[in-house]
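Welcome! Here are some short exercises, each with a worked solution, to help you find your way around a protein chain. Please have a look at the sequence and the model before you begin.

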Amino acid sequence: MLNPQRSLSELPKMSAASQVERAVLEEEFNWLLKEEVHAVLKQLQDVLKEASRRFSMPSPGMESQLKQENFILGSSTMDQVKGVLTLQGEALTQADINLKVAKSSQALHFQFREDKQWKLQQIQDARNHVNQALQLLSSRDDSYRFKTGAEVNKLMDAVMLQLTRARNRLTTPASMTLSELATSGLMKMFSPPMPGDVMVNFYINLSKLCLTVYQLHTLPPNTTKNFKPAGSSVLHNPGAMFELNTNRFEVSHVHKVECVVPWLNDTLVFFTISLQLCQQLKDKISVFSSFWNYRPF
């Protein structure tokens with residue numbers, strides 16, 4: 001059994017020690033809010049400015065200053081589709097595609113019309129999310145005084161949301177139905193015009209620029225019983241069916257070729273670093289908040 005007198009005599013000492021500890025923690029936490037939070041915000045801005053620079057868009061009338069990059073599509077194991085894509089920022093300014101038609105010696109050649117460019121919406125959206133994250137960070141300059149951990153967490157959550165959306169736009173291409181693809185503006189980009197039994201799609205997947213070519217055959221009118229239109233997908237497989245203008249089609253062959261875009265890989269690394277910095281700051285805030293239940297963290 002504890003000695004009641006001993007316990008009572010130690011109470012003031014314990015209370016004093018607790019007060020000292022609390023005072024030290026309070027001082028450390030105030031330093032975190034005043035100094036370290038702004039140091040992390042500066043780090044985040046530096047990293048995201050590098051990411052934004054990779055997406056850089058020229059000023060109006062200065063388009064020629066944005067570097068054009070040529071990427072060769074194809075692989076050593078599959079030569080049905082080969083091509084060269086020219087990327088300038090978020091725009092495909094030229095696509096030169098050679099297609100060997102399956103079960104035939106026929107070769108088809110297509111390229112973008114000179115007056116056409118194809119905007120890659122994924123890159124445009126990712127850039128916009130990065131810029132929104134930068135705007136959030138710049139709204140809290142060095143002179144701003146954070147008062148609570150909750151305020152810091154709210155800012156970090158908002159920045160992380162934009163970064164996650166930016167990353168998701170590059171890692172998750174949009175799903176499309178085959179009829180949507182057949183009627184998209186992309187089909188009107190080429191010279192000579194694409195034949196009715198060929199469709200193409202461009203998209204970003206992680207750091208890769210991908211081209212998918214679909215070869216189609218028309219289904220006879222008496223296929224009603226077995227006709228099952230395919231839903232939305234990033235990549236449709238042979239056998240997928242769709243209907244367009246009362247005609248029914250089936251995908252007979254699918255060819256996918258891709259190339260790595262190095263600066264897209266850079267941006268994905270910057271997103272990872274930035275998300276880690278945000279989470280580390282939130283973790284530090286949570287360590288302090290566990291000591292005080294009475295303060296609004």
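The protein chain contains 5 helices and 10 strands. Keep in mind as you work that this is a predicted model.

**Exercise 1. Get an overview of the chain: what percentage of its residues is buried, and what percentage of its exposed area comes from carbon and sulfur atoms?**

Solution. Step one is to look at burial: of the 297 residues in the protein chain, 40% are buried. Step two is the surface, where the chain exposes about 16,700 Å². Carbon and sulfur atoms supply 52% of that area. As a last step, turn to the contacts in the chain with a separation of 6 or more: 68% of them are between residues 24 or more positions apart.

**Exercise 2. Work out the order of the strands in the open sheet of 4 strands. Which strands are at its edges?**

Solution. Start by reading across the sheet, which gives the order β7-β8-β10-β9 with antiparallel pairing. Next, look for strands that pair on one side only: these are the edge strands, β7 and β9 (241-244). Finally, follow the twist, which averages 35° from one strand to the next.

**Exercise 3. Take a closer look at strand β8 (residues 208-218). Is it largely enclosed or not, and why?**

Solution. First count the buried residues, meaning those under 20% relative accessible area. In β8, 8 of the 11 residues are buried, so the strand is largely enclosed by the rest of the structure.

Then consider the partners of β8. Strand β7 (residues 198-205) is joined to β8 by 8 bridges, and the two run antiparallel. Strand β10 (residues 247-260) also runs antiparallel to β8, with 11 bridges between them.

To finish, trace one residue of β8 to its partners. Leu211 is the bridge partner of Phe202, and Leu211 also stands opposite Val257 in β10.

**Exercise 4. Look for unusual backbone geometry. Where do Leu206, Asn245 and Pro192 lie?**

Solution. A general rule helps here: most residues other than glycine have a negative phi, and most peptide bonds are trans.

- Begin with Leu206, in the loop between β7 and β8. Its phi is positive, near 60°. The hairpin of β7 and β8 has 2 residues between the strands. At 45% relative accessibility, Leu206 is partly exposed.
- Move on to Asn245, which sits in the loop between β9 and β10. Asn245 also has a positive phi, near 55°. With a relative accessible area of 65%, Asn245 is exposed; the cut-off for that label is over 50%.
- End with Pro192, located in the loop between β6 (190-191) and β7. The peptide bond from Ser191 to Pro192 is cis, and its omega is near -5°.

**Exercise 5. Explore the largest pocket. How much space lies in it, and which element gives the most to its lining?**

Solution. Take the volume to begin with: the largest pocket holds about 240 Å³ of space. Then turn to the 15 residues that line it; the closest to its centre are Trp118, Gln122, Met176, Asn201 and Phe202. You have already met Phe202, whose bridge partner in β8 is Leu211.

Now ask which elements take part. At least two lining residues each come from β5 (118-119), α2 (121-138) and β7. The most is given by β7, with 3 residues.

**Exercise 6. Describe the surroundings of two residues. Which residues does Gln106 touch, apart from those up to four places away in sequence, and how many residues apart in sequence are Asn128 and Arg165?**

Solution. Locate Gln106 first: it is in the loop between β3 (91-100) and β4 (107-112). Gln106 has a relative accessible area of 43% and is therefore partly exposed. Leaving out residues up to four places away in sequence, Gln106 touches Leu99, Lys100 and Val101.

Next, find Asn128 in helix α2. Asn128 is partly exposed, at 31% relative accessibility. Along the sequence, Asn128 and Arg165 are 37 residues apart, while from C-alpha to C-alpha they are 9.9 Å apart in space.

Methods:
Residues are numbered from 1 along each chain as its sequence is written. This is a predicted model: local features need pLDDT of at least 70, side-chain atom pairs count only at pLDDT 80 or more; totals for chains, interfaces and linings use all residues. Side-chain values use heavy atoms; hydrogens and water are left out. Buried means under 20% relative accessible area, exposed over 50%, partly exposed in between (1.4 Å probe, protein chains only). Two strands pair if DSSP finds at least two bridges between them. Contact means heavy atoms within 4.5 Å. Accessible areas come from the Shrake-Rupley method with a 1.4 Å probe; for residues, only the protein chains shown count as cover. Axes are lines fitted to C-alpha atoms, for helices over the stretch in contact, and angles run from 0 to 180 degrees between N-to-C directions. On a 1 Å grid over the protein atoms alone, a cavity is a set of points where a 1.4 Å probe fits but cannot get out, and a pocket is an open set with protein on both sides within 12 Å along at least five of seven lines; lining residues have an atom within 4 Å of a point. Grid points are joined across faces, edges and corners, and a volume is the space filled by probe spheres set on the points.
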